[in-house]
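Thanks for sharing this one. Here are a few notes to read alongside the model, in the order in which I would look at things.

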Amino acid sequence: MSNYKTSKLIMPRNWNGALIVGDCPYSESAIASPFMHSHLGQLIQLQAKAGWDLASRPAYANILSFFPKNAKFASVPEPVLKNEVEELNRIIDEVKPKLLFGLGRQTARFIKHDFSGDLEEERGAPFATPYGTGLLSFHPREIFRQFEFNIVAVNDFTKAWRYLRDGWTEQKWNINYQPTFKQVLEALHKFLESRAPLGVDIETNYHLGITCIGIAYNHSSAIVIPFTTPTGFYWQPYEERAIWKVLCQVLEKCPLIGQNAVHFDHYVLARGYKINANFVADTMFAQWEVYCEMQKSLAFINSLYLDNPYWKSVLKAARSGKVPYQQEWEYCGKDCIVTLQGAHELRRELNELPSGSYQHYKFNIRVSRVCQYMAIRGVEFNFAERDKRLKVLEEEAHAMQLDLDVKAGKHIFVTSPQKMKRWLYEDLKLPIHYNKKTNDEGDVEYRETQDYLTLLLLARDFPNLPALGVAGRLRKLRKRISSLRLIVPRPGTNTIGWLFNAVGTETGRFAGYKPPDGWGVQPQNVYSGDKDLFLAGAGNLWCKSDLEGADAWTMAAMLSSLGDHRMMDDLLHGVKPAQALTVASLYGEHLITADWQTIKSYFPAFKAAMKLQEKERGKKRTDYDAYKAVSHGTNYCMGPKTTCDNIFKKSDGELYVALDVCRDKQFLYEKRYPGLQILKERMASLLSTHGYLDAYSGNRRIFFGRRDNNTVREMISQLPQAHTTYATNLLFERLFHWRGNRIDAGSRQLVIQPVNQVHDEACKVFAQQHLERSRDIFRTCSTNRITCWGVDFTIPFESTYGESWGNCDEVFV
DNA sequence: TTCTGTACGTA
DNA sequence: CGTACGTACAGAAA
């Protein structure tokens with residue numbers, strides 16, 4: 001083989017057999033070789049980090065031998081591109097690389113013949129080439145832009161080295177996806193006998209009917225039971241009945257491993273098939289526990305820990321008829337097998353972490369049973385009252401629309417951002433307002449906006465244009481109306497459902513969803529004013545338990561450990577930080593450093609003053625409301641501009657705190673809690689020394705972002721959120737699993753039934769006759785003790801009950 | 001029909 | 001330069 005160097009290929013003397021292919025040269029002027037300057041440096045660093053033996057070297061090539069115009073691949077004329085690709089292919093045929101390693105999304109298109117078009121999906125999954133193994137990863141350019149890709153790229157380079165050294169062949173899949181009746185029954189009975197863990201996955205059609213169900217029983221074998229074909233049914237009716245009978249037992253009795261943090265499979269089986277599937281492990285939960293900032297998809301898990309080629313494009317192809325429809329069943333079998341394999345590897349990953357991680361994973365799996373319970377149970381919804389309310393609101397909206405059109409002198413379509421923009425900035429020529437937007441790459445952009453805040457600000461600056469305020473209020477009202485109108489009950493009932501994902505967020509908070517059948521709502525963004533429509537049901541009570549000062553406790557503990565004990569002192573003696581700030585603002589700024597006793601001595605006067613303000617200005621418009629926003633914002637490094645915007649917006653344009661006033665109040669707040677400044681520095685130093693934070697729950701969040709202020713802010717909110725979540729989840733976990741919360745011994749029926757969770761608010765329902773018993777149970781289950789940075793504390797609940805979510809006025813405990 | 005951006009609801 | 005989310009709608013792309 002010839003040693004030669006061109007802008008297209010660099011072939012080293014001591015070649016290791018790998019050809020690393022990029023998309024185009026570094027820049028217009030740096031085209032002498034495929035990778036130059038920082039790109040080459042990055043590649044060498046990645047090889048070193050991934051343990052490549054650098055005594056021999058990879059060859060480097062590019063799709064393009066030149067830098068495309070404006071750095072846009074699309075600008076390259078088709079024939080030119082074709083020539084370049086052909087030349088690359090000639091090079092590949094000549095050098096015959098054992099490893100073809102393509103970097104970047106453009107590159108992937110040309111070196112993998114069946115590339116799906118999504119690099120993040122296919123990255124890290126090996127494929128066969130005529131001369132060896134192929135692999136895709138990020139281009140150094142992409143890694144620079146998106147810092148967290150770096151760790152993933154190291155993983156890909158580690159894999160690449162292994163494939164180069166040991167080669168790669170696709171594992172043999174043993175998937176029986178067109179089984180006979182006899183085979184299915186035999187397999188199911190065998191599972192029932194052995195009770196070995198099974199990897200389970202279902203595929204469903206648009207109506208949530210199960211098209212097939214796959215069961216993997218070892219790391220290469222699965223049986224898939226098809227139910228429907230595009231034209232009918234796979235089984236005779238009597239066969240299907242017999243299969244479901246045994247299948248139901250398998251799903252309820254065998255330990256199942258799933259890939260389904262949203263509990264979609266469980267929900268479908270329970271609601272549509274009356275099967276309470278026994279999922280005891282979930283690869284999504286495990287992957288979240290290991291790297292909560294990363295994706296949790298099966299393809300991603302495969303790319304990190306396994307060696308299967310990309311298989312995820314088959315489902316779409318099978319459904320659209322591009323490949324035989326039976327391949328959907330085979331695909332389902334692969335999913336099950338990869339789930340089983342992934343669970344195995346993730347167990348090893350968890351072992352590498354402190355023991356708390358595995359404990360928290362197990363805890364979350366127990367919590368996930370509560371998510372399933374709440375999803376299936378649902379709650380009663382007051383449809384009669386909803387309909388009445390809708391009527392009133394719709395009339396109100398109609399009147400507002402007429403008023404708006406008159407005031408504006410033309411019809412204003414408030415739900416169209418485009419039309420609103422034209423009205424404000426073209427017709428009325430008002431000053432353009434911008435909104436901060438963080439794009440996928442993490443860069444901050446500013447875009448034109450016409451949101452509620454903008455309309456309020458414009459209305460304030462242009463009092464001669466009363467239409468502005470009306471437009472803002474109307475748009476909000478329309479949003480509320482459409483949310484209400486779209487609520488649909490489960491057929492024949494007044495019940496609605498919701499879904500939860502216990503690992504839906506990076507901080508450990510739940511994510512909530514509208515159920516896949518559409519019969520319900522997203523539980524966590526229900527408009528406060530409509531919460532009274534969610535009912536306990538006849539003979540029942542709705543009980544709402546809020547964590548009191550939820551996030552503040554962890555904040556106080558962190559400050560305490562840094563030597564500033566004042567916030568903890570305040571909280572322990574019933575002084576909320578925002579109250580201290582308000583008292584000092586109202587009765588003399590010297591009070592800002594006063595002890596809690598002094599602050600408290602002003603409480604009667606302070607509370608009376610706020611009551612008066614509420615009477616005069618309306619709800620959410622008192623000074624205390626403003627100072628709450630200042631305190632909250634300052635805790636999380638919010639700037640004075642956003643703080644005063646928030647106050648203005650929350651008070652519907654009534655409360656305007658000038659920017660410098662807002663800034664002064666922040667200084668005042670920081671004077672009382674000087675630890676806040678130290679905390680920022682401490683977090684920045686933790687980011688560079690450790691790069692992770694451990695919560696008391698056992699969960700560790702590794703921060704993959706850049707070492708900048710942005711990440712420091714994420715870190716500051718991490719532990720408060722993680723601990724709040726832990727306290728709420730702990731309550732639910734106990735209520736669900738503790739035998740003391742059962743109607744009677746041996747019963748599965750709960751006395752206190754969890755129904756909803758909104759971060760620091762736990763909603764439960766119990767029968768009226770069990771009020772006293774529920775109080776006892778709650779007292780037992782609601783205790784917690786958290787240690788943060790060596791400081792112990794407890795987050796107390798404040799509980800009330802009533803007939804509905806929005807109507808909890810009686811004190812519970 | 002599917003995707004993207006904007007706006008807005010929650011803690 | 002608060003954090004963390006999901007959904008509805010409009011309008012464009014396919």
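1. Let me start with the surface near DNA strand B in this predicted model. Its residues divide into nine charged, six polar and five nonpolar. In total, 20 residues surround DNA strand B, and the closest are R447, T449, Q450, R509 and D760.

2. Which part of DNA strand B faces the protein, sugar and phosphate or bases? Of the strand B atoms within 4 Å of the protein, 78% belong to sugar or phosphate, and the rest to bases.

3. Some phosphate contacts of strand B are worth displaying. A polar side-chain atom of R447 sits 2.4 Å from a phosphate oxygen of DNA strand B. For R475, an N or O atom of the side chain is 3.0 Å from a phosphate oxygen of this strand, and for K476 a polar side-chain atom lies 3.2 Å from one. Two elements give two or more residues to this surface, namely β17 (444-449) and α18. The largest share comes from α18, with three residues.

4. Now to the other strand. Around DNA strand C there are 30 residues, the closest being S416, G512, K514, M638 and T642. Sugar and phosphate make up 76% of the strand C atoms that come within 4 Å of the protein. By residue type, the surface near DNA strand C has 15 polar, nine charged and six nonpolar residues.

5. How do the phosphate contacts look on strand C? The side chain of S416 places an N or O atom 2.6 Å from a phosphate oxygen of DNA strand C. With K514 a backbone N or O atom is involved, 2.7 Å from a phosphate oxygen of strand C. G639 also uses a backbone N or O atom, at 2.9 Å from a phosphate oxygen of that strand. The elements that give two or more residues to this surface are α16 (417-427), α18 (467-485), β20 (511-513) and α28 (709-737).

6. Which element gives the most to the surface near DNA strand C? That is α28, with six residues. Helix α18 is listed for strand C and also for strand B, so you may like to colour α18 when you view the two strands together.

7. Finally, a word on confidence. Chain A has a mean pLDDT of 94, and 99% of its residues reach 70 or more. Residues 1-5 have pLDDT below 50, and this stretch makes 16 contacts in the model beyond near neighbours in sequence. Where pLDDT is low, the predicted coordinates should not be read in detail.

Methods. Residues are numbered from 1 along each chain as its sequence is written. Chains are lettered from A and ligands numbered from 1 in the order in which they are written. This is a predicted model: local features need pLDDT of at least 70, side-chain atom pairs count only at pLDDT 80 or more; totals for chains, interfaces and linings use all residues. Side-chain values use heavy atoms; hydrogens and water are left out. pLDDT is the predictor's confidence in each residue, from 0 to 100. Contact means heavy atoms within 4.5 Å. A residue is near a molecule or strand if one of its heavy atoms lies within 4 Å of it. A polar contact is a pair of N or O atoms within 3.5 Å; within protein, one must be able to donate a hydrogen and the other to accept it, and residues adjacent in sequence count only if both atoms are side-chain atoms. Helices (H or I, at least four residues) and strands (E, at least two) are DSSP runs, numbered from the N terminus. Ala, Val, Leu, Ile, Met, Phe, Trp, Tyr, Cys and Pro count as nonpolar, Asp, Glu, Lys and Arg as charged, and the others, Gly among them, as polar.
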